[in-house]
Amino acid sequence: MSSPKVGRSPQYESALERDLLLLLDFDHGVDFFCEQPVTIEYMHEGVVRHYTPDVLVYYREDLAVSSAIRPTLYEVKYRDELRQNWAALKPRFMAALRYADRQGWRFKLITEREIRTEYLANVRFLRQYTGPEVQIRQTDQGLLMRLMQDIQLTTAEELLLMATADRTKRAELLYTLWHLVAVRLIHCDLTVELSLQTELWMS
């Protein structure tokens with residue numbers, strides 16, 4: 001994956017880490033993030049040990065939804081791995097918690113339960129409608145935006161039916177519609193599966 005929030009393709013060590021990076025890249029409240037940002041030194045059973053968390057995330061300060069969130073140091077683990085290795089992993093997590101607190105950050109442990117949700121499926125779907133390679137007709141975008149401004153709340157299917165009676169044109173407009181959802185010009189609930197029955201609204 002490539003991400004404008006890091007200016008390159010971020011590195012990851014597992015599919016679960018990759019999925020978290022996809023969510024961070026899509027999250028409008030995330031300013032930027034960096035992988036394996038620090039190595040923390042700590043003592044355990046009389047031995048000096050080292051631990052490198054997975055990603056450090058900085059949140060935008062100009063948005064009310066994210067301005068109160070402190071920078072967050074994330075560790076990504078599968079739940080089975082946590083259950084099997086908790087005794088060995090706990091000391092490093094406690095060291096990260098203390099380190100993050102000294103920096104004015106948060107430390108958060110995150111698993112597939114929080115990452116692999118319907119929201120992730122929607123993010124994967126919408127990513128194909130963003131990026132420099134995506135070509136959108138300004139006339140199509142303008143048409144959908146004007147309709148949304150007039151009606152404010154509708155479904156994807158109703159919006160397309162209002163836009164045109166031509167089935168081929170509706171298919172073309174659907175591409176533009178998902179682009180507008182992906183770039184947050186039209187809003188919907190991304191925690192449920194996207195479909196033609198998805199309810200849409202303007203900010």
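**Pockets and salt bridges in a predicted model**

Q: Which helix gives the largest share of the lining of the largest pocket?
A: Four residues make up that largest share of the lining of the largest pocket. A pocket is an open set of points on a 1 Å grid over the protein atoms alone, where a 1.4 Å probe fits and protein lies on both sides within 12 Å along at least five of seven lines; lining residues have an atom within 4 Å of a point. The four come from α1.

Q: What pLDDT do side-chain atom pairs need to count in this predicted model?
A: Residues are numbered from 1 along each chain as its sequence is written, and side-chain values use heavy atoms, without hydrogens or water. In this predicted model, totals for chains, interfaces and linings use all residues, local features need pLDDT of at least 70, and side-chain atom pairs need 80 or more.

Q: Which elements each supply at least two residues of the largest pocket's lining?
A: Helices (H or I, at least four residues) and strands (E, at least two) are DSSP runs, numbered from the N terminus. Each of three such elements supplies at least two lining residues. They are α1 (15-26), β6 (106-110) and α3 (112-115).

Q: How many residues of each class line the largest pocket?
A: Ala, Val, Leu, Ile, Met, Phe, Trp, Tyr, Cys and Pro count as nonpolar, Asp, Glu, Lys and Arg as charged, and the others, Gly among them, as polar. Sorted this way, the lining holds six polar, six charged and 18 nonpolar residues.

Q: Which residues are closest to the centre of the second largest pocket?
A: The lining of this pocket has 18 residues. By class, seven are charged, six nonpolar and five polar. Closest to the centre are Pro 4, Asp 25, Arg 127, Thr 130 and Gly 131.

Q: How many salt bridges does the structure hold?
A: Side chains of opposite charge can pair when their charged atoms come close. The cut-off: a side-chain nitrogen of Lys or Arg within 4 Å of a carboxyl oxygen of Asp or Glu. The count is 11.

Q: How many residues apart are Arg 137 and Glu 172?
A: Their side chains meet in a salt bridge, 3.3 Å from N to O. Arg 137 sits in the loop between α4 (118-127) and α5 (138-151), while Glu 172 is in α7 (residues 167-182). The pair links distant parts of the chain, and the separation is 35 residues.

Q: Is Asp 140 buried or exposed?
A: Asp 140 forms a salt bridge with Lys 169, with the closest N and O atoms 2.9 Å apart. This pair joins helix α5 to helix α7, 29 residues apart. Lys 169 is partly exposed at 23% relative accessibility. Buried means under 20% relative accessible area, exposed over 50%, partly exposed in between (1.4 Å probe, protein chains only), so Asp 140, at 4%, is buried.

Q: In which helix do Glu 172 and Lys 169 both lie?
A: Their side chains meet in a salt bridge (3.5 Å, N to O). They are three residues apart, about one turn of the helix. That helix is α7.

Q: Which residues do salt bridges with shared partners join into one network?
A: Here the salt bridges share partners. The network joins Arg 18, Asp 19, Arg 116 and Arg 124.
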